[in-house]
Amino acid sequence: MTESREVARRQVARWLPGVRWQSVGLAGVLAVALFLTTGMLSAQETSLTVYQDGRVVVRRTFAAPVPRGVSTVPLDLGARTVDPGTLVALDDGVEIRGATVAGATGLEAALRRAVGTDIDFMIQRADSTPRFLRATLLSLDPQAVRLDGRVLYALPGMPAFPDSLVSLAPRVDVTVSAARAQRSLRLAYQADGLQWSASYALVVARGAAAKGSMTGLATIEDPGNLTFPGAEVQLLAGDVRRAGAVVARSYNGPAPMMAAAMAAPAAEESVGETHVYTLPGTVDLLPGQSETVALFARADVQAEPEYVLRHSPYFYQAQQGQPEQDLHPETGYLVRRAKGTAFGDTPLPAGAVRVLSPDSAGRLQLLGEAQIQHTPAGRELHLVTGTAFDVTAQRTQLTFVLEGRRASVSSYRVTIQNAKSDPVTVQVLEQFGGDFEVLSSTVPAERLSSTSLRFPVAVPAGGEATLEFRVRARW
């Protein structure tokens, strides 16, 4: 016990020198150590909310002492595109009074800061050893230096700057007013430069089975504007209005690299008219790198194949001389999301869904990709992945009679062939340019709207089925 107390005292003595620890017990030492350690950790806290349009709301604790009264604190905000007008103090009794942004970095910025001062210029000798000349930088436009009492309209060598003129990252001098002294400064502000997107994978069983599984991932890309190691990250999905122009961004660095998905899925909650996904642990957001995390745990789903054969309204306004041959229905999957299930109760951010299915050897093959919009809990998904290969149709106009200038009565036959080894149901979708009335049909019709209806036609495996209907249309 005595040894443990002495170790703790030595550690704390490094943080607070000059304090007599002989009269402090182990509990007191550990309490102070915990207090100081917590303070040191909190001084490095960074929390981000990333929006899909590139905006980032940053909440950050800076290890910068703030005295009572008005003072100016130089800060590296970790971003090259920060709007100082969005700065908000998060500590009680602290107010933002102003900010000066020193955004220029690199050689040009250092030269501009050096105008009117003496700096060194490095010259490479013939034996490759450097030699330094000291000169006064007079101007950059035109370039002019005073060397040994003479003016040169060129730089005599490579500029070598003192640390006071070097800025490798944009700096913001924040002026604050504090009612009492603070050990750190907590700020929130808005930046630009991160983007995130959602992507999904639906794996469906072979054949007509409706079984499948679905996963969702979110990928955050940092093209080079932000540096936030060890940040707590939240992803916000939703349409959030932006006031003013979008900050322009450009980056010519290396392409983002994909990181491994994190083990635990994100935690989701609703905030206003948006949904926020909190990633587990912390994330290192570094220029030119991307991070990927699971949005939800893999879910078992019902994925029913869909076949839709569409026709345009103009068919009902004119006589058709030749039948339409070899029509291929569009194909996809209906994914049901029942409320009360983990997957059904999960809101899905907009993103691309990749549909895959195994071949006879179990190798996954890509069947197609579909884009979904922000989808609330309980809303089913209709994923169009392409057109059918083995399901074809012919559509023939059997009769056509005009009734005045803006009406007709016409009849049609739609013959559908199915070369697959499983039966399919093809939804024959008819569109009208105005009012319509189904006079007769061999398959009951379902009215979808004032200008559309559909016929569900069951087609046996390796066989065909025929739909005939008669319609009065007005336009």
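Q: Two strands pair if DSSP finds at least two bridges between them, so what makes β8 and β9 a pair in this predicted model?
A: Three bridges join strand β8 (residues 143–147) to β9, and at least two are needed, so they pair. The two strands run antiparallel. Leu 147 stands opposite Arg 150 in β9.

Q: What makes β6 and β7 a pair, and which residue faces Met 122 there?
A: Seven bridges join β6 to β7 in the antiparallel sense, which meets the call for at least two, so this is a pair. Opposite Met 122 you'll find Phe 132 in β7. The hairpin of these two strands has five residues between them, and Ser 128 takes a positive phi near 70° there.

Q: What makes β6 and β10 count as paired?
A: They share three bridges in the antiparallel sense; the bar is at least two, so they count. Phe 121 has Pro 159 in β10 as its bridge partner.

Q: How do these strands line up in their sheet, and why are two of them called edge strands?
A: The order is β9-β8-β7-β6-β10, an open sheet of five strands with antiparallel pairing. β9 (150–152) and β10 (158–160) each pair on one side only, so they are the edge strands. From one strand to the next, the twist averages 45°.

Q: How do you know that helix α3 touches this sheet?
A: Contact means heavy atoms within 4.5 Å. Helix α3 (residues 106–114) touches β6 (118–124), β7 (130–140) and β10, packing on the sheet. Its direction makes about 70° with that of β7.

Q: What makes β25 and β26 a pair?
A: Strand β25 (residues 391–402) and strand β26 (residues 407–418) have 11 bridges, against a requirement of at least two, so they pair. The sense is antiparallel. Across from Thr 392 sits Gln 417 in β26.

Q: Which sheet do β25 and β26 belong to, and where are its edges?
A: They sit in an open sheet of five strands, ordered β20-β25-β26-β31-β28, with antiparallel pairing. β20 (324–327) and β28 (436–441) are the edge strands, each pairing on one side only. Neighbouring strands here are turned by 25° against each other on average, direction ignored.

Q: Why does the link between Arg 206 and Pro 358 count as a polar contact?
A: The side chain of Arg 206 reaches the backbone oxygen of Pro 358 at 3.4 Å; the limit for a pair of N or O atoms is 3.5 Å, so it counts. Arg 206 lies in the loop between β13 (195–204) and β14 (211–222).

Q: What else does Arg 206 touch, and how far along the chain is Ser 360?
A: Not counting residues up to four places away in sequence, Arg 206 touches Ser 357, Pro 358, Asp 359 and Ser 360. Arg 206 and Ser 360 are 154 residues apart along the chain, yet their C-alpha atoms are separated by 8.5 Å.

Q: What makes a residue part of the lining of the largest pocket, and which lie nearest its centre?
A: A lining residue has an atom within 4 Å of a pocket point. There are 41 such residues, with Pro 305, Glu 306, Tyr 307, Thr 331 and Gly 332 nearest the centre. They divide into 19 nonpolar, 11 polar and 11 charged, and Gly is counted as polar, so Gly 332 goes with the polar group. The space comes to about 1,100 Å³. Strands that each supply at least two lining residues include β19 (289–311), β21 (330–336) and β22 (351–358).

Note on methods. Residues numbered from 1 in each chain as written. Predicted model: local features only at pLDDT ≥ 70, side-chain atom pairs only at ≥ 80, totals over all residues. Heavy atoms only, no water. 1 Å grid on protein atoms, 1.4 Å probe; cavity = no way out; pocket = protein on both sides within 12 Å on 5 of 7 lines; lining within 4 Å. Points joined across faces, edges and corners; volume = space filled by probe spheres on them. Helix = DSSP H or I, 4+ residues; strand = E, 2+ residues; numbered from the N terminus. Polar contact = N/O pair within 3.5 Å; in protein donor to acceptor, adjacent residues only side chain to side chain. Axes fitted to C-alpha atoms, helices over the stretch in contact; angles between N-to-C directions.
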